[in-house]
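Grab your viewer and a coffee: here are some exercises with worked solutions. Try each task yourself before reading on.

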Amino acid sequence: MSWIAQILTLYPDMFPGPLGASLSGKALNDGIWAIETLDIRSFARDKHRSVDDTPAGGGPGMVLRADIVGDAIDAARERAEPDWPLVYLSPRGKRFDQALARHWAGLGGVTLLCGRFEGLDQRVIEARAVEEVSLGDFILSGGEPAALAMLDAVIRLLPGVMGKEESAEDESFERGLLEYPHYTRPQLWEGREIPAVLNSGHHGKIAKWRLEKAEEMTRLRRPDLWSTYERRHKA
Ligand code: SAH
């Protein structure tokens with residue numbers, strides 16, 4: 001059975017977009033995951049097919065209507081399993097991270113609601129118990145690029161997507177650390193050598209060197225990750 005990405009959007013043509021290429025594209029072709037887009041506009045009620053209106057209380061921009069988005073959510077959830085997260089991509093949401101990607105990958109699918117304009121009528125967020133998830137502290141013009149990025153992170157974790165050669169275990173965030181630096185041929189480039197230990201063939205020494213580098217990188221660049229890691233591993 002495929003892992004299902006349900007996407008509610010005003011721009012269904014944006015999917016699968018970049019996810020149709022490379023690792024995720026092959027997995028899509030292999031049926032490891034599938035995409036189900038619902039065009040929010042198809043739930044419009046008037047002849048102009050409008051989905052938005054001016055903000056109550058005034059101010060710039062337009063707001064997606066609760067009634068129309070509510071219908072779109074209901075149509076999607078009829079076809080979803082109850083344990084699939086119902087997510088609104090939103091800069092106010094909880095920050096997406098590797099742990100959430102793993103969690104979603106362990107379920108059968110996810111329903112992603114992409115906002116546009118100023119966002120969504122608050123009542124539909126509350127009435128449908130929608131979880132808000134953010135890609136980061138910046139404003140996109142719509143939820144679609146955030147959905148694509150999150151799906152990319154999830155899809156590569158699905159069983160059968162990554163081969164042994166692309167193993168996820170050592171990667172940044174998986175152990176609470178940033179990853180160690182990589183090198184490949186040529187051995188000497190612009191006067192710079194590959195660190196000698198990596199050519200030693202001594203697996204124990206290489207693993208130790210990589211862990212040290214990962215720790216150093218994390219300590220210098222991400223004090224937030226480092227303090228959590230230190231508490232867990234160095235106590
Ligand atoms: N007025 C809103 C921003 C609206 S941006 C605010 O100030 O919070 C339009 C849409 O883009 C949003 O509805 C949301 O779905 C999406 N979006 C923007 N930034 C995002 C982010 N960092 N993460 C996830 N979705 C985002």
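**Exercise 1. Which strand gives the most to the shell around the ligand?**

Before we start, two ground rules. This is a predicted model, where local features need pLDDT of at least 70, side-chain atom pairs count only at pLDDT 80 or more, and totals for chains, interfaces and linings use all residues. Residues are numbered from 1 along each chain as its sequence is written, and side-chain values use heavy atoms, with hydrogens and water left out.

*Step 1.* Get the elements straight: helices (H or I, at least four residues) and strands (E, at least two) are DSSP runs, numbered from the N terminus.

*Step 2.* Look for strands that supply at least two residues each to the shell; strand 5 (86-95) and strand 7 (131-134) both do.

*Step 3.* Pick the top contributor: strand 5, with four residues.

**Exercise 2. Describe how the protein holds the ligand's surroundings together, from shell to polar pairs to pocket.**

*Step 1.* Count the shell. A residue is near the ligand if one of its heavy atoms lies within 4 Å of it. That gives 20 residues, and the closest are Tyr88, Leu89, Gly115, Phe138 and Leu140.

*Step 2.* Hunt for polar contacts, meaning pairs of N or O atoms within 3.5 Å (within protein, one must be able to donate a hydrogen and the other to accept it, and residues adjacent in sequence count only if both atoms are side-chain atoms). The side chain of Tyr88 has an N or O atom 2.7 Å from a ligand oxygen. Leu89 uses a backbone N or O atom, 2.5 Å from an oxygen of the ligand. Gly143 also has a backbone N or O atom by a ligand oxygen, at 3.5 Å.

*Step 3.* Work out the burial. On its own the ligand exposes 560 Å², and the protein buries 85% of that. Accessible areas here come from the Shrake-Rupley method with a 1.4 Å probe; for residues, only the protein chains shown count as cover.

*Step 4.* Place the ligand: it sits in the second largest pocket. On a 1 Å grid over the protein atoms alone, a pocket is an open set of points with protein on both sides within 12 Å along at least five of seven lines. "Sits in" requires more than half of the ligand's atoms to lie within 2 Å of the grid points.

**Exercise 3. Is Ser134 buried or exposed, and which residues is Ser134 in contact with?**

*Step 1.* Locate Ser134: it belongs to strand 7.

*Step 2.* Apply the cut-offs: buried means under 20% relative accessible area, exposed over 50%, partly exposed in between (1.4 Å probe, protein chains only). Ser134 counts as buried because its relative accessible area is 1%.

*Step 3.* List the partners, with contact meaning heavy atoms within 4.5 Å. Skipping neighbours within four places in sequence, Ser134 touches Ser90, Pro91, Gly93, Lys94, Arg95, Phe96 and Met150.

**Exercise 4. Now do the same for Ser24, and add its polar partners.**

*Step 1.* Ser24 is part of helix 1 (residues 22-29). At a relative accessible area of 7%, Ser24 is buried.

*Step 2.* Outside the four places on either side, Ser24 has contacts with Pro18, Leu19, Trp33 and Ile155.

*Step 3.* A polar side-chain atom of Ser24 lies 3.0 Å from the backbone oxygen of Leu19. The backbone oxygen of Ala21 is 3.3 Å from a polar atom of the Ser24 side chain.

**Exercise 5. Find the backbone oddities: cis peptides, and positive phi outside glycine.**

*Step 1.* Scan omega. Phe15 and Pro16 are joined by a cis peptide bond, with omega about 0°; Pro16 is in the loop between strand 1 (3-9) and helix 1. Arg185 to Pro186 is cis too, with omega near 5°, and Pro186 lies in the loop between helix 5 (144-155) and strand 8 (188-189).

*Step 2.* Scan phi. Phe117 has a positive phi near 60° and lies between strand 6 (109-114) and helix 4 (122-127), in the loop. Its relative accessible area is 38%, so Phe117 is partly exposed.

*Step 3.* Glu190 is not a glycine either, yet its phi is about 50°. Glu190 lies in the loop between strand 8 and strand 9 (192-193), and is exposed because its relative accessible area is 65%.

**Exercise 6. How many helices and strands are there in the protein?**

*Step 1.* The tally is seven helices and nine strands.

*Step 2.* For scale, the C-alpha trace spans about 70 × 40 × 40 Å along its principal axes.

Note on methods
1 Å grid on protein atoms, 1.4 Å probe; cavity = no way out; pocket = protein on both sides within 12 Å on 5 of 7 lines; lining within 4 Å.
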